[in-house]
Structures are given as structure tokens and as C-alpha cells.
Amino acid sequence: MTVLDVKDVVVDYKVSGRPTVHAVAGVSLQVGAGEIVGLVGESGCGKSSLGKAIVGLEKLASGSVTLDGHPVASLGRGARPVRDRGLQMIFQDPYSSLNPRRRIWRQIADGLPSEGDGSPVATAGRSARRAAVNELLDAVGLPAAAGDRYPHEFSGGQRQRIAIARALAARPSVIVADEPVSALDASTRAQVSNLIVQIARERGMGVLFISHDLSGVRHMADRVAVMYLGRIVETSPTEPLWSEPLHPYSDALVKAIPKLGLDAAAPVAPRGEVPDPASPPAGCRFHPRCPLAFDRCRTDDPALVAVEGARSAACWLQPAGGPARELALLEA
Amino acid sequence: MSLLEIDDLTISLATTGAPRVLVDGVSLTVDSGQMVGLAGESGSGKTVTALTALGFVPDGATATGAVRLDGEDVLTMSKKRLREVRGTTVAMVFQDPMTSLHPMLSVETQLTEQLRVHRSLSRRAAKARAIEMLELVRIPNPSKALSAYPHHFSGGMRQRIAIAGALACEPKLLIADEVTTALDVTVQAGILGLLEQLRRELGMAVVFITHDLGVMNVTTDELYVMYSGRVAERGGTRQVLAAPRHPYTRALVDALPDAQNLGHPLVAIPGEAATPERRPAGCAFHPRCAFAEDRCRTEVPELLPIGAGRVLACHVDPFAPADGSATGVLLDGRIGS
């Protein structure tokens with residue numbers, strides 16, 4: 001069941017005297033209940049802009065975001081409408097997303113539905129709210145006593161747990177997590193990654209997991225969307241994306257990952273650099289770096305079309321509705 | 001004689017309480033053209049150890065032991081000689097290229113200054129050499145890049161410029177501290193390829209510091225796994241990572257999302273990493289170790305050879321092969337992943 005539906009979203013950055021940058025240039029994606037969707041791509045591809053636009057932190061130039069069938073409003077100066085609170089976000093830096101001067105439990109309690117909001121499931125009264133916070137702390141593996149402390153008393157991994165507890169307080173149906181484990185040590189990263197998976201499964205909560213760490217995404221996500229220069233170029237159930245990528249850009253990403261193993265191959269860098277997003281190449285945006293590009297790629301922009309196996313690709317080599325074509329065979 | 005010989009290096013900070021030991025009896029050698037990796041969590045002493053190759057010791061700390069670079073002890077070197085050695089014999093690149101690049105000086109100024117000072121080159125010759133370096137690190141249009149400033153470049157290109165700067169005087173040894181950690185995998189692959197090429201073409205040695213074991217596996221020849229200022233395990237990189245003998249190395253590998261542990265939750269290392277302020281007695285890893293025995297809590301394990309050029313500091317050695325033939329039990333299915 002789709003809970004988050006993103007349709008044709010465009011996010012523009014305008015600077016006077018410079019061309020408009022379409023950081024997100026028409027993206028559609030869905031997240032189901034209890035589903036973890038990974039969003040990967042290089043820095044500057046627009047994945048963070050898309051994440052912010054979904055929760056209303058960036059204005060949509062066009063397109064729509066709906067949560068449980070209701071359109072999500074852009075955040076203005078006022079309080080967020082109660083209906084939109086089912087959509088929460090976790091950021092990369094747990095140091096800047098918590099207020100250093102307030103006790104942990106009060107910051108988590110901010111997210112609890114209250115009578116003032118007119119919420120039907122309000123938690124009223126200090127002791128009831130404190131009890132609700134204790135439950136949330138327990139859910140993220142922290143003791144109730146942690147609630148009386150301040151953010152600086154915690155390690156990075158613990159702070160990220162606190163940020164997760166605060167997001168959970170609003171009983172979200174979807175969490176957008178932008179690089180939530182990238183700032184953490186390897187071991188702590190494993191703990192917080194496991195926690196996010198466990199919470200999504202237990203609560204039937206959807207997660208849009210934005211990350212540049214492909215191996216981490218492979219471990220957590222049910223489905224993956226690959227983004228390049230403001231567009232989604234491939235979506236796929238997680239495993240086939242690694243074993244048999246359909247888009248040459250996905251293929252380039254997978255080949256660049258350094259792996260363990262006695263006979264692991266050296267990582268391969270794709271040729272060229274990511275072009276300036278203010279003036280993306282004509283045709284397929286990846287064609288100047290694509291080893292398989294042909295004439296049509298230089299002039300016609302391929303749309304993201306469904307291919308067999310619940311996958312989709314935006315590549316002229318992968319015809320709509322057709323069987324997935326193996327890139328390795330095409331290269332040969 | 002090896003290019004870099006660190007011999008029983010101990011670095012400690014005197015404090016009002018007990019001295020804080022940052023590095024505890026580390027020995028390490030790097031040969032010309034060799035890539036040596038230092039792995040471990042933050043606070044393991046890997047950067048402090050590597051920085052001694054440039055004669056850097058943290059403020060207020062005392063170092064004992066010897067650090068010989070090309071036969072000369074850098075710990076007892078005069079300031080004048082240190083200035084000569086830095087940049088010409090040994091150079092360093094950091095995680096954030098803006099640590100080494102000055103934001104308000106042009107690329108030309110930053111690349112040519114050292115050539116004019118260390119190599120006494122004329123302005124014209126230094127510029128020509130700078131262009132050569134930028135070509136080497138594959139910066140497009142090098143002569144135009146010289147007049148640009150760091151903010152004109154992407155993170156990956158800045159890192160390549162920082163590497164060009166470090167290599168301009170052809171050092172015999174490069175200390176690369178988390179140089180690809182902040183970069184995308186695609187850009188990282190380019191930088192790793194570049195280091196490999198420089199090693200091959202210039203015979204340059206590299207001390208490579210990273211917590212990314214996948215990067216370590218495809219980059220380095222020899223691996224030192226450090227924990228709390230000590231070497232826990234050492235050996236050929238791929239052998240150590242494919243068949244770890246120390247419980248800490250094993251835990252690091254198990255915490256890593258990799259093809260072979262898909263479908264299982266990642267195994268996090270329990271507890272928090274030891275720090276110089278709070279270092280457990282005995283084997284510093286014992287409070288987090290599933291195999292710890294009584295003597296692990298009191299006795300520091302010695303680094304002892306276990307065959308095939310590997311050494312290990314563990315009383316228990318739980319991953320020793322039953323038949324005693326090989327040097328470790330290969331992790332299931334990890335081969336050829």
C-alpha cells in the first residue's frame with residue numbers, strides 16, 4: 001500500500017543573474033507502508049533537495065507530494081498542519097538537529113500529539129507525556145534516565161537515536177532520513193542502521209533512506225532509486241540492482257564500490273565529471289559519460305519506463321515493458 | 001633499510017592524573033613503493049602514529065622510541081632539517097582538502113611556492129612543473145586551473161589538487177589520512193586509481209589511513225589494525241580481512257555492510273571504543289570482546305608471529321584454525337565476493 005506518493009516533483013534554485021538550476025527535474029516515486037526505499041546518487045544529484053521537498057522544507061516548482069492521500073503543504077512560518085505530521089525527517093548531523101539547552105525528554109515530547117493541536121490521539125498531562133517519552137526512548141534503546149540529560153552528554157550514535165525517537169513521537173507513517181548514519185563510526189553505524197530497519201518493520205512505517213553509501217543501502221533497502229542530475233534513472237528491488245543494473249549509470253556506481261574478498265576487483269571510476277546542473281547535457285543527461293551511448297542518446301531524453309521484474313529505467317537500451325537487457329552483454 | 005621505520009613508538013600526554021597514552025609501543029615499517037594501511041576506530045592512534053613520520057607530535061606530548069625516515073631519526077631532527085624533509089621526503093594529504101589548500105590563494109601560488117623554496121626553481125620552471133602535476137592528477141585544462149581558486153572546484157577536484165601539491169616535490173612517502181572518506185564512490189575510485197598509478201610510476205610509498213575496510217582491501221598491501229594505541233593484528237591486507245584472527249578485526253569486518261552478510265542485521269561491536277582517557281587494563285578490547293578470559297583483563301597481550309608474515313596480539317586467539325596449518329579461518333563465502 002502506497003503511503004507516500006511523489007509525482008513529477010521539480011525543485012528549482014534561482015540566483016539572480018544566473019540560470020535557474022533544476023536541482024530536481026521531474027521525479028516520481030512511491031514509498032509503501034513498512035517499506036524502506038533507498039535513494040542513492042552522487043553529491044549534487046538532487047537527492048537531498050528531493051528529500052527536503054517531500055517534507056515541505058523546499059518549495060515545489062511543480063508536481064505534488066501526497067501522504068495517505070492528502071497533499072503535503074510546504075512549510076511556512078506557522079506550525080505544521082497536524083495532518084502532515086505523519087511525515088517526519090531525520091538529518092545527517094545529530095549535533096545540529098537537537099537544541100543544546102533543552103533536556104532530551106522535552107525535545108522528544110515536542111513531537112507528541114497534544115490537545116492544543118486538536119489531535120484525536122493527544123497525550124495530555126506531564127506524567128502521561130513523560131511516560132510516552134520513556135516508551136520512545138526504550139524503543140530506540142536508551143534508558144528512561146536519558147530523558148533528564150542534555151544533548152552534549154551523548155555520543156553521536158546516541159544523539160541520532162534521540163533524533164529518531166523525536167521523529168517517532170509524531171507517529172509518522174513515513175520518515176525521510178537524509179544520510180542518517182553517514183556521520184557515525186562503522187560500529188555505531190551498524191547499530192543505528194539496524195534500529196531503523198527494526199522500527200520500520202515493527203511499526204509498518206515507510207522510510208525514504210537517502211544515502212551516498214551504496215553498500216549500506218543495499219543492506220537495508222527493499223527497493224532502490226538511483227538519481228543522476230535531478231532525475232531518477234533507475235528503480236529496482238534492491239538485489240537485482242546490484243547483480244544486474246539496467247542503467248549504465250547504476251552500473252558505473254556499482255563498479256566503483258571497493259569490495260572485500262581475496263580476489264576483489266579494483267574499483268573502476270566512470271569517465272568524466274558530473275556536469276554542471278545549471279546546464280545539463282541534451283538528450284540523456286548521462287550520455288557524455290556513458291560507454292554505451294549512441295546517436296539517439298545525444299538528442300532524445302529517455303523517460304523512466306517500467307521494465308519487467310518490477311523495475312524501471314530511463315535508458316534507450318531498455319525498452320518499455322520489455323525484458324531487462326543485460327548491460328554486460330551489450331558492452332561485449 | 002626500509003623507507004620508514006617506526007620502532008617501539010610510545011606517545012603520551014602528561015596530565016594531572018595518570019598520563020594519557022596515545023600510542024603504545026607501535027612498530028611499523030614501510031618500504032619504497034609499498035602501500036601500508038592503518039585501520040581502527042577514532043581514537044585508535046592511527047593518525048597520531050602516521051604523523052610522526054613528518055616529525056609531528058601532539059602539543060604537550062612526549063614521544064619515545066625511534067621514527068627513522070630514510071635512515072634519519074625525525075624525532076631528534078633539527079627544525080631546519082625537518083622543514084627540508086617535509087614536502088621533499090614525506091608529504092601528507094588530509095580528509096578535507098581545504099585543510100591543506102588556502103582558500104584565498106590561487107592554485108598556482110599554492111603549487112609553485114614549495115617548488116621555488118625546496119627545489120629553487122625559477123617562476124617559469126615552477127609553473128611548468130605545476131602544470132605537469134595537474135595533468136598527472138587529471139585536472140582538465142591545467143593552465144587555466146592554475147589561475148583559479150579552490151572554491152572554483154568540486155570536492156573531488158580539490159582533493160586531486162591537494163594531492164598534486166603534496167606530490168610536487170616528489171616525496172618518497174605520502175601519508176594519506178582518510179583522503180577519500182568525504183568523496184562519492186565514483187570520485188573515490190578515481191583517486192585510488194591515481195595513487196596506484198603514482199606508486200607504480202614513481203615508486204612512491206603510501207601510508208593509507210581509513211576506516212573503510214573495502215577501500216583498504218583494494219588499496220593496500222600490508223594492514224595494521226590498531227586499537228587504543230596498540231597494534232592488534234598485522235599482515236597482508238587481503239589475508240587479514242578475509243581471515244581475521246583478532247576478535248576486534250573480526251568485529252570490524254562483521255559490522256560492515258558487504259555482499260556476503262546481506263539479509264542479516266549488521267553485527268555492531270558492543271560498548272564504546274576505548275579512549276586514551278579511559279583505557280581498560282590488560283587487553284584494551286576486553287570489555288567489548290565476546291571471547292575475553294581472566295588474563296585478558298589484567299595482562300596486555302604481546303604481538304606474536306602466527307606465520308605467513310602475520311602477527312597477532314590476543315591471549316585467546318579464538319579464530320585460530322583447528323589444524324594449525326593456515327593462518328586463519330576464511331570467513332564463509334567471503335572469497336571472491
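Here are four short exercises with worked solutions on this predicted model.

**Exercise 1. A helix in its surroundings**

Work out how far helix H1 (residues 47–55) of chain A is enclosed by the rest of the structure.

*Solution.* Start with the criterion: a residue is buried if 20 or more other C-beta atoms lie within 10 Å of its own. Next, go through the helix. Lys47(A), Ser48(A), Ser49(A), Leu50(A) and Gly51(A) are among the buried residues of H1(A), and so are Lys52(A), Ala53(A), Ile54(A) and Val55(A). That gives nine buried residues out of nine, so H1(A) is largely enclosed by the rest of the structure. To finish, look just past the end of H1(A), where Gly56(A) has a positive phi of about 95 degrees.

**Exercise 2. Two helices that pack**

Describe how helix H3 (residues 126–139) of chain A packs with helix H4 (residues 156–169) of chain A.

*Solution.* Two numbers come first, because packed helices are described by the angle between their axes and the distance between the axes. For H3(A) and H4(A) the angle is about 130 degrees, and the axes are 9 Å apart. This makes H3(A) oblique to H4(A). Now add the hand: the crossing of H3(A) and H4(A) is right-handed. Then find the residues that meet: H3(A) brings Leu136(A), Leu137(A) and Ala139(A), while H4(A) brings Ala165(A), Leu168(A) and Ala169(A). Sorted by class, this contact has six nonpolar residues, with no polar and no charged ones.

**Exercise 3. Where the chains meet**

Characterise the side of chain A that touches chain B.

*Solution.* Begin with the overall count: the contact joins 32 residues of chain A and 36 residues of chain B. Then ask which helices take part. Helix H5 (186–203), helix H6 (214–220) and helix H8 (248–255) of chain A each give at least two residues to this side. H5(A) has the largest share, six residues. Last comes the chemistry: the side of chain A divides into 16 nonpolar, eleven polar and five charged residues.

**Exercise 4. Two domains of chain B**

Locate the domains of chain B and describe the side of domain 1 that touches domain 2.

*Solution.* First set the bounds: domain 1 of chain B covers 4–220 and domain 2 covers 224–312. Taken over C-alpha atoms, the centres of these domains are 27 Å apart. In their contact, domain 1 of chain B takes part with 22 residues and domain 2 with 19 residues. On the domain 1 side, strand E2 (20–30), strand E3 (35–39) and helix H9 (213–219) of chain B are the elements that give two or more residues. E2(B) supplies the largest share, eight residues. By class, this side of domain 1 of chain B holds nine nonpolar, nine polar and four charged residues.

Terms used: Residues are numbered from 1 along each chain as its sequence is written. Chains are lettered from A and ligands numbered from 1 in the order in which they are written. This is a predicted model: local features need pLDDT of at least 70, side-chain atom pairs count only at pLDDT 80 or more; totals for chains, interfaces and linings use all residues. Domain bounds come from an automatic or database domain assignment. Two residues are in contact if their C-beta atoms, placed from the backbone, lie within 7 Å. Helices (H or I, at least four residues) and strands (E, at least two) are DSSP runs, numbered from the N terminus. Ala, Val, Leu, Ile, Met, Phe, Trp, Tyr, Cys and Pro count as nonpolar, Asp, Glu, Lys and Arg as charged, and the others, Gly among them, as polar. Axes are lines fitted to C-alpha atoms, for helices over the stretch in contact, and angles run from 0 to 180 degrees between N-to-C directions. Angles under 35 degrees count as roughly parallel, over 145 as roughly antiparallel, 65 to 115 as roughly perpendicular and the rest as oblique. A crossing is left-handed if the near helix is turned anticlockwise from the far one by less than a right angle, and right-handed if clockwise. A residue is buried if 20 or more other C-beta atoms lie within 10 Å of its own, exposed if 12 or fewer, and partly exposed in between; C-beta atoms are placed from the backbone.
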